[in-house]
Amino acid sequence: MATILKGAWVMTREGLKKDWGVKVEGNKIVEVGPNASLTMQEGDKIADHTEQIIMPGFINGHQHMYGVLSHGITTEALVTEFSSFLDDFWWPYVEDRLDHQIVETTSRWACVEMIRSGITSFMDVLEGPNSIPGALNVEKKVIEEAGLRGILTFEACQRMSEANAQLGLKENYDFCKANNSEDGLIKGMMCIHTLFTGSKEYVMQAKKMADELGADIHMHMSESVYEPNWCLDKYGKRTVDVYNEIGFLDNKVFASQAVQVEPAELDILAEKGTRLVSMPLSNCEVGGGFAPVPGMLERGIKVGLGTDGYVNNFFEVMRGAFLMHKAVHQNPMVMPAQVTYEMATWRGAEAMGFNDVGALEVGKKADLFTMNIDTPTPINEHNCYDQIILFRNPSDITDVMVDGKWIEQAGELLTIDEKAAKVATRACATKFWTLS
């Protein structure tokens with residue numbers, strides 16, 4: 001039995017197609033084309049979306065689900081620059097205090113925000129040295145219940161102790177080994193923090209473990225001037241040069257941020273096939289700067305977009321990517337709307353290592369959402385990318401499907417009790433910050 005989604009439009013990789021629809025059988029897309037041409041057999045269901053655009057699900061390439069704890073919170077810590085943000089606020093006030101219950105509660109609310117925003121696949125980085133072992137399995141249970149597609153990682157580092165550093169690597173390794181061979185929605189990835197929280201030997205230990213598993217590896221890279229300056233001080237080389245010198249970089253490396261990187265470093269990343277993900281909004285929050293995304297794309301580097309657990313509204317993230325680079329370069333032609341949209345979909349999927357999501361094409365997984373087109377000005381083939389990025393919002397999304405299963409229909413979440421999740425998160429955050 002198949003489901004036939006008849007739409008007003010379908011957003012394909014080639015652009016917007018009028019009066020098109022999608023046929024889903026099991027967890028895969030089996031037909032994409034004009035509504036009248038979609039084949040129907042006895043028992044098939046028709047889903048009427050002739051007042052909506054059918055779109056591929058967004059790909060959130062970098063998330064910290066526990067980050068919802070910091071939304072709107074004020075503390076006595078005075079953050080003056082990036083290292084101060086970590087040392088005086090993020091590590092002591094947030095990460096070091098995470099436990100399994102907090103991980104579960106915040107993960108559930110983050111799923112609500114992602115589903116509401118049209119995100120169907122994401123990569124999460126859990127930073128909580130006192131939450132292991134077992135924290136990734138806590139996340140997995142919540143994500144499976146929510147019905148989202150995810151890559152879950154723990155950010156291992158040496159800043160607490162060597163014992164905790166090894167426990168972090170083991171958390172990733174064991175999770176990858178248990179999940180990456182299965183055909184499920186949840187996978188793992190090896191993950192470290194940065195060069196300034198892990199020695200060269202530790203970093204390469206993690207890479208060798210990833211290679212043994214056949215897994216990708218993730219790290220934050222030059223999120224501000226702090227890491228490249230630290231590397232120059234310690235090693236006499238910039239961040240990318242250090243990674244390259246020790247033989248870390250290849251096409252199995254998926255790095256986030258890459259804000260303060262020089263053109264020569266981008267050349268190395270392109271040569272090695274390293275993939276990247278950019279977080280335009282959170283980079284502003286920590287004063288990191290503006291990542292040279294146009295330069296990355298010009299070099300053929302695969303680049304996606306992420307929320308960083310900060311603003312989980314993916315339309316806002318796309319708006320940030322679309323507008324900021326124009327201002328930085330003083331050039332309105334930089335970062336066209338179509339390219340920005342592609343980074344949120346198929347380009348983002350490629351960056352994250354997915355080849356079966358990110359586009360509405362035959363054979364790909366049925367990860368999609370539908371969005372109202374009741375707009376003051378018309379959406380058409382010529383303006384669709386600008387309309388979607390600049391003038392649509394999560395409130396316009398009506399239905400979300402992941403792996404062929406509806407997880408939101410007619411604006412109602414089917415897999416999560418949204419009200420209960422909000423109440424639990426508010427109670428968790430109130431207790432968390434009262435005790436700080």
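**Exercise 1. A salt bridge across loops**

Task: Is Asp96 buried or exposed, or does its class lie in between?

Solution.
1. In this predicted model, Asp96 has a relative accessibility of 22%.
2. Buried requires a value under 20%, and exposed requires one over 50%. Asp96 therefore counts as partly exposed.
3. Turn to its partner. Arg159 has a relative accessible area of 23%, so this residue is partly exposed too.
4. Now look at the pair. The closest N and O atoms of Asp96 and Arg159 are 2.5 Å apart, and the two form a salt bridge.
5. This pair links distant parts of the chain, 63 residues apart. Asp96 sits in the loop between α1 (82-94) and α2 (100-116). Arg159 sits in the loop between β8 (149-154) and α4 (162-179).

**Exercise 2. A longer span**

Task: Locate the two partners of the salt bridge between Glu361 and Arg13, and state how many residues separate them.

Solution.
1. Start with the distance: the side chains of Glu361 and Arg13 meet at 2.9 Å, N to O.
2. Place the partners. Glu361 lies in the loop between α13 (346-352) and β15 (368-372). Arg13 lies in the loop between β1 (2-12) and β2 (15-18).
3. The separation is 348 residues, and the pair links distant parts of the chain.
4. Check exposure. Glu361 has a relative accessible area of 23% and is partly exposed. Arg13, at 29%, is partly exposed as well.

**Exercise 3. A bridge inside one helix**

Task: Describe how Asp174 and Lys170 are placed relative to each other.

Solution.
1. Both residues lie in helix α4.
2. They are 4 residues apart, about one turn of the helix.
3. Their closest N and O atoms are 2.6 Å apart, in a salt bridge.
4. Asp174 is partly exposed at 35% relative accessibility. Lys170 is partly exposed at 48%.
5. Elsewhere, shared partners join salt bridges into one network of Glu104, Arg108, Lys141 and Glu145.
6. The whole structure holds 27 salt bridges.

**Exercise 4. Two buried residues**

Task: Compare the settings of Lys207 and Cys111, giving helix, exposure and contacts for each.

Solution.
1. Lys207 belongs to helix α5 (residues 200-213). Cys111 belongs to helix α2.
2. Relative accessibility is 2% for Lys207, which makes this residue buried. For Cys111 the value is 0%, also buried.
3. Leave out residues up to four places away in sequence. Lys207 then touches Ile217, Phe248, Asp250, Lys252 and Val253.
4. On the same terms, Cys111 touches Ile143, Ala146, Leu148 and Ile416.
5. Add a long-range pair. Thr415 is 304 residues from Cys111 in sequence, yet their C-alpha atoms are 10.0 Å apart.

**Exercise 5. Enclosed space**

Task: How many cavities of 30 Å³ or more does the structure have, and which residues line the largest?

Solution.
1. The search of the whole structure gives 4 cavities of 30 Å³ or more.
2. The largest cavity has a volume of about 70 Å³.
3. Its lining includes Trp91, Glu95, Glu127, Gly128, Pro129 and Phe154. Glu155, Cys157, Arg159, Asn164 and His193 are also in the lining.
4. Sort the lining by class: 4 residues are nonpolar, 3 polar and 4 charged.
5. Link back to Exercise 1. Arg159 lines this cavity, and Arg159 also forms the salt bridge with Asp96.

Conventions:
Residues are numbered from 1 along each chain as its sequence is written. This is a predicted model: local features need pLDDT of at least 70, side-chain atom pairs count only at pLDDT 80 or more; totals for chains, interfaces and linings use all residues. Side-chain values use heavy atoms; hydrogens and water are left out. Helices (H or I, at least four residues) and strands (E, at least two) are DSSP runs, numbered from the N terminus. Buried means under 20% relative accessible area, exposed over 50%, partly exposed in between (1.4 Å probe, protein chains only). Contact means heavy atoms within 4.5 Å. On a 1 Å grid over the protein atoms alone, a cavity is a set of points where a 1.4 Å probe fits but cannot get out, and a pocket is an open set with protein on both sides within 12 Å along at least five of seven lines; lining residues have an atom within 4 Å of a point. Grid points are joined across faces, edges and corners, and a volume is the space filled by probe spheres set on the points. Ala, Val, Leu, Ile, Met, Phe, Trp, Tyr, Cys and Pro count as nonpolar, Asp, Glu, Lys and Arg as charged, and the others, Gly among them, as polar. A salt bridge is a side-chain nitrogen of Lys or Arg within 4 Å of a carboxyl oxygen of Asp or Glu.
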